[in-house]
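Student: I have a structure to look at and some questions about it. Can we go through them one by one?

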Amino acid sequence: MKIIPFYLPQFHQIPENDEWWGKGFTEWTNMKKATKLFDSHYQPRVPLNNNYYDLSDVEVLRWQCKIAKEHGIYGFCFYHYWFNGHKLLEKPMELLLNNPDIDIKFSVCWANENWNNGWVSADNKILIGHDFNDENDWVDHFEYLLKFFKDPRYIIEDNKPILTIYVPHHISKLQAMLELWNSLAIDNGFDGLKFIHQHVNSYLDKTMDKSLFNYGIQFQPQYINMINESHFRQLMNIWIPKLTSIVQKNFGLHLKRNRKNQKVTIKSYDDAWEKILSLKPSKKGDLPCAFVDWDNTPRKGHRGSCYVGSTPDKFENYLSKLIIKARDEYNTDKIFLFAWNEWAEGGYLEPDEKYKYGYLKAVKNALEKNDAIS
């Protein structure tokens with residue numbers, strides 16, 4: 001079974017974050033200011049041996065890939081930020097490309113949401129956005145990605161590199177863009193690309209043609225949170241971000257949110273996993289997704305949400321069951337996982353002071369007990 005965690009690159013300083021959030025900002029900035037907000041709240045979370053690493057250092061990436069491989073991780077899915085040629089946080093992915101001795105499989109997820117200041121402000125102002133209709137940019141973007149596709153470590157199926165798009169339903173000319181990228185891939189010696197949609201809102205958006213995609217990830221825990229919501233709530237979650245982006249781009253207006261008197265939303269880890277394990281593939285190409293944990297209060301404070309009850313032993317048990325389910329019900333050899341290092345959202349396999357290497361060992365144990373090491 002191929003366990004593929006999502007990889008967040010926001011652990012090195014960049015000029016844009018310095019401007020928007022303050023000099024020296026990285027994801028560790030949020031982690032270091034996190035506080036306990038209720039009695040059983042596991043905060044602050046501290047990396048083992050205070051390893052507040054800097055992803056501009058290739059030796060950090062080398063260490064990450066080494067411990068991942070040692071514990072059965074098949075490869076990383078790197079979040080990639082491209083805003084019409086303006087790249088953000090590209091350093092780790094480019095370090096991997098430029099160091100072919102680092103032994104890890106990888107793929108790319110284009111995290112194609114606008115960046116805004118919603119973490120800290122109610123005005124939800126766009127800091128940097130996309131123009132998805134620029135057809136020349138489609139070519140430029142593909143040319144940038146091509147060097148990664150050609151790397152022998154890139155995850156390829158049927159001579160087709162896999163490419164995940166986080167919120168493809170935001171792209172109005174989606175079919176034309178994907179057809180162009182397929183054609184360009186063929187021109188460069190591949191048999192096309194295999195496309196994956198990720199966010200639950202893309203899954204639920206009936207205006208998006210799912211047949212354009214080979215796979216869709218049941219991205220957790222967002223998927224279980226939204227799939228059983230009312231149709232009206234689903235529509236609101238799909239269309240409000242689209243309309244907000246249009247209003248801000250065309251009229252310069254910022255739609256403020258009412259955030260007074262909000263309290264942390266607390267949910268059960270065990271209940272969440274029971275829901276995940278009760279899911280079925282609803283269409284061909286559905287991929288299961290595991291989650292280590294979730295707690296975004298380091299970013300959002302009392303406006304955040306978290307699950308309580310996660311431990312390495314529980315995670316191992318649930319992941320073991322999902323491996324069986326993936327093989328027998330989803331007919332797939334892939335499980336995506338939230339996440340490798342989403343520290344400020346509580347989803348990380350990397351060792352921390354409380355559990356040490358417990359979650360990584362849980363992955364290896366779950367794979368071994370099911371004879372599923374890839």
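Tutor: Start with helix H6 and its surroundings. The model is predicted. The buried residues of H6 pack against strand S4 (105-110), H5, strand S8 (160-165) and strand S9 (194-197).

Student: Which residues of H6 are buried?

Tutor: Buried means under 20% relative accessible area. In H6, that group is Leu-174, Met-177, Leu-178, Trp-181, Leu-184 and Ala-185.

Student: How many degrees around the axis do they cover?

Tutor: Look down the axis of H6. The buried residues are on the same side of H6, because they cover an arc of only 125 degrees.

Student: What span should helix H6 have, at 1.5 Å a residue?

Tutor: H6 runs over residues 174-187, so it has 14 residues. Its end C-alpha atoms are 20 Å apart, which agrees with the expected span of 20 Å.

Student: Which residue follows H6 with a positive phi?

Tutor: Look just past the helix. The phi there is near 95 degrees, and the residue is Gly-189.

Student: Now H5. Which residue caps its N-terminal end?

Tutor: H5 covers residues 135-149 and reaches 21 Å from its first C-alpha to its last. At its N-terminal end, a side-chain oxygen lies 3.1 Å from the backbone nitrogen of Asn-136. That oxygen belongs to Asp-134.

Student: Is strand S15 largely enclosed or open?

Tutor: Check both faces. Lys-334, Phe-336 and Phe-338 are buried on one side, and Ile-335 and Leu-337 are buried on the other. Side chains in a regular strand alternate between the two faces of the sheet. Five of the five residues of S15 are buried, so the strand is largely enclosed.

Student: Which residue stands opposite Ile-335 in S15?

Tutor: Strand S1 (residues 2-7) runs parallel to S15, and four bridges join them. The residue opposite Ile-335 is Ile-3.

Student: What is the bridge partner of Cys-289 in S15?

Tutor: Strand S13 (residues 289-291) also runs parallel to S15, with three bridges joining the two. The partner of Cys-289 is Phe-336.

Student: How many salt bridges does the structure hold?

Tutor: Side chains of opposite charge can pair when their charged atoms come close. Some of these pairs link up: Lys-2, Glu-157, Asp-158, Lys-194, Asp-333 and Lys-334 form a network of salt bridges. The total for the structure is 21.

Student: How many residues apart in sequence are Asp-293 and Arg-45?

Tutor: Their side chains meet in a salt bridge at 3.1 Å, N to O. Asp-293 lies in the loop between S13 and helix H11 (297-300), and Arg-45 in the loop between helix H2 (27-32) and helix H3 (58-70), so the pair ties together parts that are far along the chain from each other: 248 residues apart.

Student: Is Asp-293 buried or exposed?

Tutor: The cut-off for buried is under 20% relative accessible area. Arg-45 has 5% and is buried. Asp-293 is at 5%, so Asp-293 counts as buried.

Student: Where does Lys-280 lie?

Tutor: Lys-280 meets Glu-329 in a salt bridge (3.2 Å, N to O). Glu-329 is in the loop between helix H12 (312-328) and S15, while Lys-280 is in the loop between helix H10 (269-278) and strand S12 (286-287).

Definitions and conventions:
Residues numbered from 1 in each chain as written. Predicted model: local features only at pLDDT ≥ 70, side-chain atom pairs only at ≥ 80, totals over all residues. Heavy atoms only, no water. Buried < 20%, exposed > 50% of the residue type's maximum accessible area, 1.4 Å probe, protein only. Pairing = 2+ DSSP bridges. Expected span 1.5 Å × (residues − 1). Polar contact = N/O pair within 3.5 Å; in protein donor to acceptor, adjacent residues only side chain to side chain. Salt bridge = Lys/Arg side-chain N within 4 Å of Asp/Glu carboxyl O. Arc of directions from axis to C-beta. Contact = heavy atoms within 4.5 Å.
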